[in-house]
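Hi,

Here is the structure I said I'd pass along. Have a look at it first, and then read on for what I found.

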Amino acid sequence: MKIGVYKECNGGAVRFRGYSEKAYPGEFEYLDFDTLLTDESVHLIRENGVEGLIYFNDHRFDASLWEKVAEAGVKYVAVPAVGHDFIDMEVMRKLGIRVSYVPGYSPNAVSEHTVMLTLALLRHFREQICRMEKNDYRIDDLRARELRSMTVGVIGAGRIGSTTIRTLAGFGCAKICAYDLYPRDEVKAYAEYADLDAVLEKSDVLIFHCVLNEKTRNMINRETIAKMKPGVILVNTARADLFDMEAIIEALDEGKIGALGLDVIDGESILKEDPLPGKCPLPLLENLLGRPDVIYTRHTAFFTDRADEDIIRTTVDGLYNMTHGVRTNAEL
Ligand code: NAI
């Protein structure tokens, strides 16, 4: 069976071929489509006789594009990620497209990246690097804060959030608070559960690890920012749409938010297109990159050796199981 890989998918087809050939020799032929999936590029599916896609996006698009994808011949979509909020399963079921995802992979990958961003912000790491690159060796304004005198709030203490909490506990934070709809016993050993407002009010650092859904979309907005401590540090490695970025930028300007760490940004798919030289294709990112109090990483929190092996295996297994009529917990 032919499997198309549009440019939204990190690493392209070569990422999946090795494991696929080893586990299921001759079963799948992977084709790279050197473009994003749009109304203009959907014809590549029919022209190449593709029946499956490995596909990821950071936000939903119109159902009409999936209709065109189905009409062109796609019956299976494998999402090489945990986050599948861009897929509307109601639409997919109507179209008869079966969808798999990666229910879980090394949570340490995202968790370690999150802790790195947190420490980097506390240590003014970006400013330090910029100064060294300019032969500026002053340490004025670089005084940092230690975690042992800070309260860290983690919003969403699932697989990744609970791993971050366990890791942070090793740094001896003054207090770790967690907010989640479903408290877990293993988290209670390291953190105190509280309601959302209490976590927002008490925390010096707020870390976001919750899923994106209709309740959490824009959960950080002018109203919720008003409840936070002045100078609070925010780290989001979950999904861009948890934040109202207009409100966040306003709060950065006012100093209400002291620093911001992001691994996700609205519209990030465009960053997979070849950029014009010297030009940032996302105005929001251009704004953020001009600020020493912001660190942005290119949605790489998941991208480690261990996590990537897990993702590739689960994605290809998902395709194999769907195409052989086997239902597993990796199918949505
Ligand atoms: P998970 O499903 O184990 O944990 C998510 C948690 O969010 C659950 O405990 C759930 O109860 C909680 N939650 C749901 N609704 C909530 C609400 N209204 N308020 C607070 N918490 C709520 O998922 P996991 O594996 O921990 O992943 C978390 C998120 O991290 C994913 O949804 C994905 O968006 C993001 N992610 C980011 C990656 C990156 O490379 N930056 C890679 C992998 C995941």
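Below are my notes, going from the whole chain to helix pairs and then to single residues.

One thing up front: this is a predicted model, so please read everything below as computed from that prediction.

**The whole protein**

In terms of secondary structure, the protein comes to 13 helices and 12 strands. Its radius of gyration is 21 Å, and the globule rule gives 20 Å for 332 residues; the two are close, so the protein is as compact as a globular protein of that length. If you want box dimensions, the C-alpha trace spans about 60 × 50 × 35 Å along the principal axes. Buried residues account for 53% of the 332 residues. I also checked contacts between residues at least 6 apart in sequence: 71% of these join residues at least 24 apart.

**Two helix pairs**

Two packed helices are described by the angle between their axes and the distance between the axes. I looked at two pairs that way.

The pair to start with is helix 5 (residues 107-122) and helix 7 (residues 159-169), which pack at an angle of about 50° with their axes 8 Å apart. Angles under 35 degrees would count as roughly parallel and 65 to 115 as roughly perpendicular, and helix 5 and helix 7 are therefore oblique to each other. The crossing of helix 5 with helix 7 is right-handed. On the helix 5 side, the residues that meet helix 7 are Pro107, Asn108, Val110, Ser111, Thr114 and Val115. Their partners in helix 7 are Arg159, Ile160, Thr163, Thr164, Thr167 and Leu168. Sorted by class, this contact has 5 nonpolar, 6 polar and 1 charged residues.

What sits over the rest of helix 7? Its buried residues are Gly161, Ser162, Thr163, Thr164, Ile165 and Leu168. The elements covering them include helix 5, along with strand 6 (151-155), strand 7 (175-179), helix 8 (185-188) and strand 9 (205-208). Thr163, Thr164 and Leu168 appear both in the helix 5 contact and in the buried set.

The other pair brings in helix 1 (residues 14-23) and helix 13, with an angle of about 70° and axes 9 Å apart. That makes helix 1 roughly perpendicular to helix 13. This crossing is right-handed too. Arg15, Phe16, Tyr19 and Ser20 in helix 1 meet Asp308, Ile311, Ile312, Arg313, Thr315, Val316 and Asp317 in helix 13. By class, the residues of this contact divide into 5 nonpolar, 2 polar and 4 charged.

**Some residues to click on**

While you're on helix 13 (residues 305-323), find Asn321. Buried or exposed? Asn321 has 18% relative accessibility, so it counts as buried, the cut-off being under 20%. Leaving out neighbours within four places in sequence, Asn321 is in contact with Val326 and Thr328.

Ile87 is in the loop between strand 4 (76-78) and helix 4 (89-95). Its relative accessible area is 4%, so Ile87 is buried. Which residues does Ile87 touch, not counting those up to four places away in sequence? They are Arg60, Trp66, Val77, Val79, Met92 and Val99. Phe56 is 31 residues away from Ile87 along the chain, and the C-alpha atoms of the two are separated by 9.1 Å.

Leu242 is another loop residue, between strand 10 (232-236) and helix 11 (245-254). Leu242 has a relative accessible area of 0%, so it is buried. Apart from neighbours within four places in sequence, Leu242 is in contact with Phe208, Cys210, Val211, Leu212, Thr216, Asn218, Met219, Ile220 and Asn236.

Asn218, one of those contacts, has a backbone detail to check: a positive phi of about 55°, although it is not a glycine. Asn218 is in the loop between strand 9 and helix 10 (222-226), and its 37% relative accessibility makes it partly exposed.

His299 also has a positive phi without being a glycine, near 45°. You'll find His299 in the loop between strand 12 (294-296) and helix 13. His299 is buried, with a relative accessible area of 15%.

Cheers

Note on methods. Residues are numbered from 1 along each chain as its sequence is written. This is a predicted model: local features need pLDDT of at least 70, side-chain atom pairs count only at pLDDT 80 or more; totals for chains, interfaces and linings use all residues. Side-chain values use heavy atoms; hydrogens and water are left out. Axes are lines fitted to C-alpha atoms, for helices over the stretch in contact, and angles run from 0 to 180 degrees between N-to-C directions. Helices (H or I, at least four residues) and strands (E, at least two) are DSSP runs, numbered from the N terminus. Angles under 35 degrees count as roughly parallel, over 145 as roughly antiparallel, 65 to 115 as roughly perpendicular and the rest as oblique. A crossing is left-handed if the near helix is turned anticlockwise from the far one by less than a right angle, and right-handed if clockwise. Contact means heavy atoms within 4.5 Å. Ala, Val, Leu, Ile, Met, Phe, Trp, Tyr, Cys and Pro count as nonpolar, Asp, Glu, Lys and Arg as charged, and the others, Gly among them, as polar. The radius of gyration is taken over C-alpha atoms; the globule rule is 2.2 Å times the number of residues to the power 0.38. Buried means under 20% relative accessible area, exposed over 50%, partly exposed in between (1.4 Å probe, protein chains only).
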